[in-house]
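Welcome! Take a moment to turn the model around, and then let us walk through it together, one region at a time.

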Amino acid sequence: MRKTEKDADGRFHFSEREYYATRELFGIVNTFNKCAGELKRRTQKFPGGWRDLRLITVLSEKLLIGILRTVPLKKLAAVRRELENTEMIVQVKRTAVQHSEDETGGYTYVPQRALERITQRVVDYECFCCDKHGADAKHCPLRRDIESTYMFEYPCPAKKECPFQGLTFGGEYGRMDESD
C-alpha cells in the first residue's frame, strides 16, 4: 500500500509528524477536560464564555476521535495504549527575567514550594507579633510584597485586615519542611 492510499478499512499511513501532532491534540483535549470545571464560574461571567469553553472541549475531542479513526488498526492499538498512559504537562521552558533599572519592573518565575518556604519564614518572623490594624495593615509593604508574589488572589477575610497578622505559617498549608 502506498502512503496516500487507503487500506480496506479506509485508513492510511500515519507519519511521525502526524503522530506527534496527534499527541499534542490529545494533550489539548485532556487539558480542556481537566480544566473546564475550574474555569466554569469565571467563563459564566461573560456572554457565551462557558458555552465556548464546552464547545472547544467537545470539538477537540471529536476531532481527536476522527483522526484516530484514520490510523491503521495495527498502529491504532499501540497509539491508544500509549495515550491511555500519557499525561500531558504544560511547563514554562524559560525563565522570564527582565532586567530593569527600577525595582518594580523585573519578573522571574520561582518554584511555588520555594516561595512558600520563604513566605513561611517571613510570616513566622515578622507577622506573629504584628499589631497593625485598619489602614496600617492594608498598606503594609510586607503584606503587599507577599500578595504580589502569588499569581492568584491570596485569601483575605476582610480587605482591611491582614490575613497574616498574628499568624505562624501552619494552618492551611500545614507545616512546610526543608525536604519538599
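## Inside and outside

Of the 180 residues in this chain, 22% are buried. Please keep in mind as you read that the model is a predicted one. The area that the chain exposes comes to about 14,100 Å², and carbon and sulfur atoms account for 54% of that area.

## The overall plan

What kinds of elements will you meet along the chain? There are six helices and zero strands, and reading along the sequence gives the pattern α-α-α-α-α-α.

Contacts also tell us how the chain comes together. Taking the contacts between residues at least 6 apart in sequence, 57% of them link residues at least 24 apart.

## Helix 2 and its two sides

Helix 2 is a good place to start looking closely. This helix covers residues 49-68, which makes 20 residues. From its first C-alpha to its last, helix 2 reaches 29 Å, close to the 28 Å expected at 1.5 Å a residue.

Which residues of helix 2 are buried? They are Gly49, Leu53, Thr57, Ser60, Leu64 and Leu68. Viewed down the axis of helix 2, these buried residues fall within an arc of 85 degrees, so they line one face of the helix. A general rule helps here: an α-helix has 3.6 residues a turn, so residues three or four places apart point the same way. The buried residues of helix 2 pack against two partners, helix 1 (16-43) and helix 3 (73-84). On the face turned away from the buried side of helix 2, you will find the exposed residues Arg51 and Lys62.

## A cluster of aromatic rings

Now look for the rings. The structure holds two aromatic pairs. One of them joins Phe14 and Tyr19 in an edge-to-face arrangement, with 6.3 Å centre to centre and 90 degrees between the planes. Tyr19 also pairs with Tyr20, again edge-to-face, at 4.9 Å centre to centre and with 70 degrees between the planes. Together, Phe14, Tyr19 and Tyr20 form one aromatic cluster.

Are the members of this cluster buried or exposed? Phe14 has a relative accessibility of 14%, so this residue counts as buried. Tyr19 counts as buried because its relative accessibility is 19%, and the cut-off for buried is under 20%. Tyr20 has a relative accessibility of 42% and therefore counts as partly exposed.

## The loop at Thr70

Where does Thr70 lie? Thr70 belongs to the loop between helix 2 and helix 3, and at 28% relative accessibility Thr70 counts as partly exposed.

This loop residue also leads back to the aromatic cluster. Thr70 and Phe14 are 56 residues apart in sequence, yet their C-alpha atoms are 8.4 Å apart in space. Leaving aside neighbours within four places in sequence, Thr70 is in contact with Arg11 and Phe12.

## Helix 4 and the cysteines

Helix 4 spans residues 112-127. Its buried residues are Leu115, Glu116, Arg117, Thr119, Gln120, Val123 and Cys127, and they pack against helix 6 (141-149). Cys127 has a relative accessibility of 6%.

How many disulfides does the structure hold? The count is zero. Cys130 is a helpful example: the cysteine sulfur closest to its own is in Cys140, 6.1 Å away, which is too far for a bond, because a disulfide needs the two sulfur atoms within 2.5 Å. With a relative accessibility of 24%, Cys130 counts as partly exposed.

## After the last helix

The final stop is Gly166, in the segment after helix 6. At 40% relative accessibility, Gly166 counts as partly exposed.

Which residues does Gly166 touch, not counting residues up to four places away in sequence? They are Cys127, Phe128 and Cys130, so two cysteines from the previous section appear again here. Gly166 and Asp131 are 35 residues apart along the chain, and their C-alpha atoms are separated by 7.6 Å.

Technical notes:
Residues numbered from 1 in each chain as written. Predicted model: local features only at pLDDT ≥ 70, side-chain atom pairs only at ≥ 80, totals over all residues. Heavy atoms only, no water. Helix = DSSP H or I, 4+ residues; strand = E, 2+ residues; numbered from the N terminus. Buried < 20%, exposed > 50% of the residue type's maximum accessible area, 1.4 Å probe, protein only. Contact = heavy atoms within 4.5 Å. Areas by Shrake-Rupley, 256 points an atom, 1.4 Å probe, with all protein chains shown as cover. Expected span 1.5 Å × (residues − 1). Arc of directions from axis to C-beta. Phe/Tyr/Trp six-rings, centres within 6.5 Å; stacked < 30°, edge-to-face > 60°.
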